[in-house]
Amino acid sequence: MISTRLSSLRLAESICLLLILLFLSGCGQKPESTTITFAVGGAPAELDFWQVLIGEFQDRTGIKVDLLRQPTDTDLRRQGLITSLKAGRSDPDVFLMDVAWLGQFAASDWLEPLDTHNDLDLDVFFEKVLNLADRYQGHLIALPVYVDGGLLYYRQDLLNKYGFDKPPQTWSELLRYSLVIQKGERETNPDFYGFVWQGAQYEGLICNWLEYAGSNAGGIVFEDGRIILHTPANVQATQFMHALIHIHKVSPPNTYTEMKEEEARTFFQQGNALFERNWPYAWALHQSEDSPVRGKVGLAGLPHFSVGPSVSTLGGWHIGISKHSDAKQKSFEFMKFVLSFETQKRLALELSWNPGRRDVYTDQQVIAALPHFTRLRGVFENLRPRPNLPYYTLISQVLQRHLNAVLSGNSSATEALSAAEREAQTIVDRYAQ
Ligand code: GLC
């Protein structure tokens, strides 16, 4: 009898103890996960280099990093991240974000504020970029890994062969050189085209369009709560893009179906184009050992129309940590590694990325290996941002659809821009309330 009472007392005690332990473990900090997941996209060679860097970070710190390989296309990368973030998943812990959608991520409260980490030296970054993209409502939410700007790649050997002494300054020069050289080269290479650029229906099309439009003194204007897209300058610039494909035929027909960064890069790299519009990353790949155009390529600012300046869209990728990460401290260590002078210098030398850190640009080895950093400083200092709005991607999607319809011949520039303006205005109205 007594022993039964004693054992039920012990049972009650054990249950209490268990409950207390459960309660305490619930209140206390959960230990960080031992592994972090880093999500990043890009060209295959870029992803391979991330793998190398991750290996070095692991050896140095003992922190295990899983690389989540994303595609190159920025829209697909964004969708991939949003799926996890909306679901509150702890992975990926840390990722790169396009400057174009940072506003949306910040406004959605998906990013861990970085302000508490006071061992970050913010002075080394470009102040303008930090203010434009990385601060949200007084908090630091990301930091720039690299800065992109649209550039004109050209075949120096072909300009020489046909007697053109410098790259084109205006779009009409680009067209003239393209027509002459395309005709000549087609005699031996029927697949040769004058100019490749990004015309597929995705974010890259907007980056390209903003350059044509901006270099005709146009662009996206916000005025008293109105968004203005349908202007003579924008119509003309859009008509020129259409004409490159359908009238002058110096850009291939798949410009509007397939051409994104990698498609344009490989087309040019195979020796099938005279000019290419792309970001700085293409430089290292064109110069790689197995590249047919190695040693034959020059790099310049983009051409402009007679009334406007040369315009290059501000792009680039920023690193941030998910609010839902279960390894924030380790992710932060990784972030510091990516942003260190040493890693940023290697990203410049290996991948020809324009680093987010200013101090890499004055490094002697970098200056010698990438003389265009200095030569094109004017271009990089005047990069033109896309509208920095939490709902920018919605406006961009509207424009992508209508502009791509012009490039495919299914709409006129006037119709497309006025329809895009009407639709974009409904988005502005919805979010402005
Ligand atoms: C590059 C740029 C990015 C831009 C994208 C468009 O990745 O860095 O800002 O949105 O291209 O395709």
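The lining of the largest pocket is made up of ten nonpolar, three polar and four charged residues. The model in which this pocket is found is a predicted one. The largest pocket holds about 450 Å³ of space. Its lining comprises 17 residues, and those closest to the centre of the pocket are F126, Y361, R377, F380 and E381. Three elements contribute two or more residues each to this lining, namely α5 (127-134), α15 (371-375) and α16 (377-381).

From the open pocket the reader may turn to the enclosed spaces. Three cavities of 30 Å³ or more are counted in the model. The largest cavity contains about 250 Å³ of space. Of the 20 residues that line the largest cavity, T72, D148, E261, W279 and W317 are the closest to its centre. At least two lining residues come from each of α3 (74-86), β6 (143-149), α8 and β13. By class, the lining of the largest cavity consists of seven nonpolar, six polar and seven charged residues.

What takes up the space of the largest cavity? The ligand does: the space that it takes is the largest cavity. Two elements, α8 (203-214) and β13 (314-321), give two or more residues to the shell around the ligand. Both α8 and β13 also appear among the elements that supply the cavity lining. The shell around the ligand numbers 14 residues, of which D98, D148, E261, G316 and R386 are the closest. Residues D148 and E261 are likewise listed among those closest to the centre of the largest cavity. Divided by class, the shell has five nonpolar, four polar and five charged residues.

The contacts of the ligand can now be considered individually. An N or O atom in the side chain of E261 is 2.5 Å from an oxygen atom of the ligand. The side chain of W317 also takes part, with an N or O atom 2.9 Å from an oxygen atom of the ligand. At G204 the partner belongs to the backbone instead: a polar backbone atom of G204 is 3.5 Å from a ligand oxygen atom. How much of the ligand does the protein bury? Taken alone, the ligand exposes 310 Å², and the protein buries 95% of that area.

Two features of the backbone complete the description, and each is found in a loop. The peptide bond that joins D91 and P92 is cis, with omega about 0°. P92 belongs to the loop between α3 and β3 (94-98). The helix α3 that precedes this loop is one of the elements that supply at least two residues of the lining of the largest cavity. The second feature concerns Q137, a residue other than glycine whose phi is positive, near 45°. Q137 is located in the loop between β4 (135-136) and β5 (139-140).

Note on methods:
Residues are numbered from 1 along each chain as its sequence is written. This is a predicted model: local features need pLDDT of at least 70, side-chain atom pairs count only at pLDDT 80 or more; totals for chains, interfaces and linings use all residues. Side-chain values use heavy atoms; hydrogens and water are left out. On a 1 Å grid over the protein atoms alone, a cavity is a set of points where a 1.4 Å probe fits but cannot get out, and a pocket is an open set with protein on both sides within 12 Å along at least five of seven lines; lining residues have an atom within 4 Å of a point. Grid points are joined across faces, edges and corners, and a volume is the space filled by probe spheres set on the points. Helices (H or I, at least four residues) and strands (E, at least two) are DSSP runs, numbered from the N terminus. Ala, Val, Leu, Ile, Met, Phe, Trp, Tyr, Cys and Pro count as nonpolar, Asp, Glu, Lys and Arg as charged, and the others, Gly among them, as polar. A residue is near a molecule or strand if one of its heavy atoms lies within 4 Å of it. A polar contact is a pair of N or O atoms within 3.5 Å; within protein, one must be able to donate a hydrogen and the other to accept it, and residues adjacent in sequence count only if both atoms are side-chain atoms. Accessible areas come from the Shrake-Rupley method with a 1.4 Å probe; for residues, only the protein chains shown count as cover. A molecule sits in a cavity or pocket if more than half of its atoms lie within 2 Å of its grid points.
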